[in-house]
Amino acid sequence: MMQNQSIDFEIDLKIENATLAKESEQQTIAIRNGKIIQIAPVISPPAAQTLDAAGSIVVPGLVDPHLHLDKAFLLEKSPAQAGTFQEALEETLRLKKEFTIEDIQARSRRVIENAIGFGITAIRSHVEVDPILQLTSIKALLPLKQEYAQRLTLQLAIFAQEGITNQPGTEQLLHQALTLGGDVIGSAPYTDPDPERNINIVFDLAQSFDCDVDFHLDFLDDDEPLLFPIVARETIKRGWQNRVCLGHMTRLAGLSPAKLKEAAALLREAGISILALPASDLYMMARQDTHNVRRGVAPIQTLFDLNVNTAIATNNIQNLFTPFGDGDPLKICTLLAQTLQLGTQERHALCLEMATTQAAKAIGLRDHRIEPGSAADLVILGADSISQVVGAAPGDRITIKSGNIISQTLVSRTPKDQLVQIV
Ligand SMILES: [Zn+2]
């Protein structure tokens with residue numbers, strides 16, 4: 001890398017020899033004032049910094065559109081005894097009573113530092129608000145949003161996990177959390193005895209604060225009626241198109257092709273994005289199946305073919321809902337490709353789009369692409385092709401946020417003759 005800060009360059013950073021998803025020839029990406037200004041095979045004017053990608057794949061920064069910072073790494077405090085959904089709900093509720101600002105911040109920092117290293121440039125984290133935790137979680141995460149602002153776009157989605165109509169005081173707490181600085185409002189209507197009222201309260205708050213909406217929805221594999229038509233109807237009625245995102249949606253996997261097509265038409269009309277959370281859903285769904293166990297992951301490749309915006313997310317990191325994972329969206333890409341049987345180059349490219357551009361769109365970040373005019377949020381991956389990236393998440397990564405190189409991870413192996421001798 002060359003560096004020369006003494007001259008006033010027209011280009012802040014040039015990334016040369018970048019392999020891009022849609023270009024056969026290697027390209028140079030020129031960046032100024034945090035934005036991509038030009039993409040061409042050769043860009044002649046010198047830059048303040050030049051980075052040689054040496055043929056590596058360069059993609060828009062990874063985006064995790066659905067994550068629970070405040071529930072990360074809870075498995076360390078409470079290992080699973082039964083490993084059931086009921087245990088996860090009950091034990092997490094118990095653990096929540098012990099959360100402190102310092103504890104939430106310490107666990108969240110671990111996740112965020114790893115995320116930046118993975119090449120994540122934006123996260124939407126759900127932030128639990130209920131009469132038990134009250135505003136502890138939002139008070140813990142707002143300072144982190146500021147602290148990491150130069151390195152990560154962190155959206156805070158105020159989240160009523162335990163229901164609203166059954167938890168007196170919750171609606172007021174949600175209001176207070178949004179007043180403090182929450183960016184998005186959401187809930188898990190399946191935990192509420194009156195899911196329709198729950199959904200309406202969330203939309204009322206969204207309208208009061210002019211914020212986007214994010215539900216955990218149609219998740220359990222029981223015979224209760226699907227709730228997404230209610231959300232779609234409210235979205236259209238209130239003019240909230242392209243501002244609503246639904247996570248899990250595993251029950252869409254149980255619809256016939258004709259019913260799924262109808263569902264897609266409604267979701268498309270409402271401009272609703274659908275997020276699959278395969279690490280959690282594979283672990284939690286279809287527990288009552290005694291044999292030939294269903295996969296229970298939303299059919300997001302089919303929804304994408306039906307013009308619905310779809311994406312993937314990590315959801316949880318090593319807690320009772322998801323005892324696995326490190327927060328790397330590329331590992332979720334691999335898992336998704338395996339689970340939904342996505343084997344072609346075209347489908348691999350879709351997997352990566354669902355962890356970058358489409359994930360960004362789902363949380364309201366437009367134009368998260370490698371194009372002139374877009375923010376220079378990028379990741380250089382130690383791989384030559386998209387299929388390699390989806391095949392096995394590469395360890396080597398360089399993260400660029402707003403045109404600044406903020407993290408470099410290089411995996412190295414020590415030759416045998418240089419191994420540390422253990423005596
Ligand atoms: Zn979640």
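Leu62 stands opposite Ile120, a residue of strand β8. This is a predicted model, so take everything I say as read from that prediction. One position along, Val63 has Ala122 of β8 opposite. Those two pairs belong to the pairing of β7 with β8, residues 120-128, which is parallel and runs over 4 bridges.

Next, the surroundings of β7. The strand covers residues 62-67, and 6 of its 6 residues are buried, so the rest of the structure largely encloses it.

Now the sheet. There are 8 strands in an open sheet, paired in parallel, and the order is β7-β8-β9-β10-β11-β12-β13-β14. The edges are β7 and β14, the latter being 310-312; each has a single partner strand, so one side of each has no neighbour in the sheet. On average, neighbouring strands are turned by 25° against each other, with direction ignored. For β7, then, we have an edge position in the sheet together with burial of 6 of its 6 residues.

That leaves the helices. Which strands does α10 lie across? Helix α10, residues 329-339, lies across β7, β8, β13 and β14. Here β13 is 272-276, and the helix runs at about 115° to β14. Both edge strands, β7 and β14, are therefore on the list for α10.

The other helix is α4, residues 170-180, which lies across β9 and β10. Those strands are 153-160 and 184-187 respectively, and α4 runs at about 165° to β9.

Conventions. Residues numbered from 1 in each chain as written. Predicted model: local features only at pLDDT ≥ 70, side-chain atom pairs only at ≥ 80, totals over all residues. Buried ≥ 20, exposed ≤ 12 C-beta atoms within 10 Å, placed from the backbone. Pairing = 2+ DSSP bridges. Axes fitted to C-alpha atoms, helices over the stretch in contact; angles between N-to-C directions. Contact = placed C-beta atoms within 7 Å.
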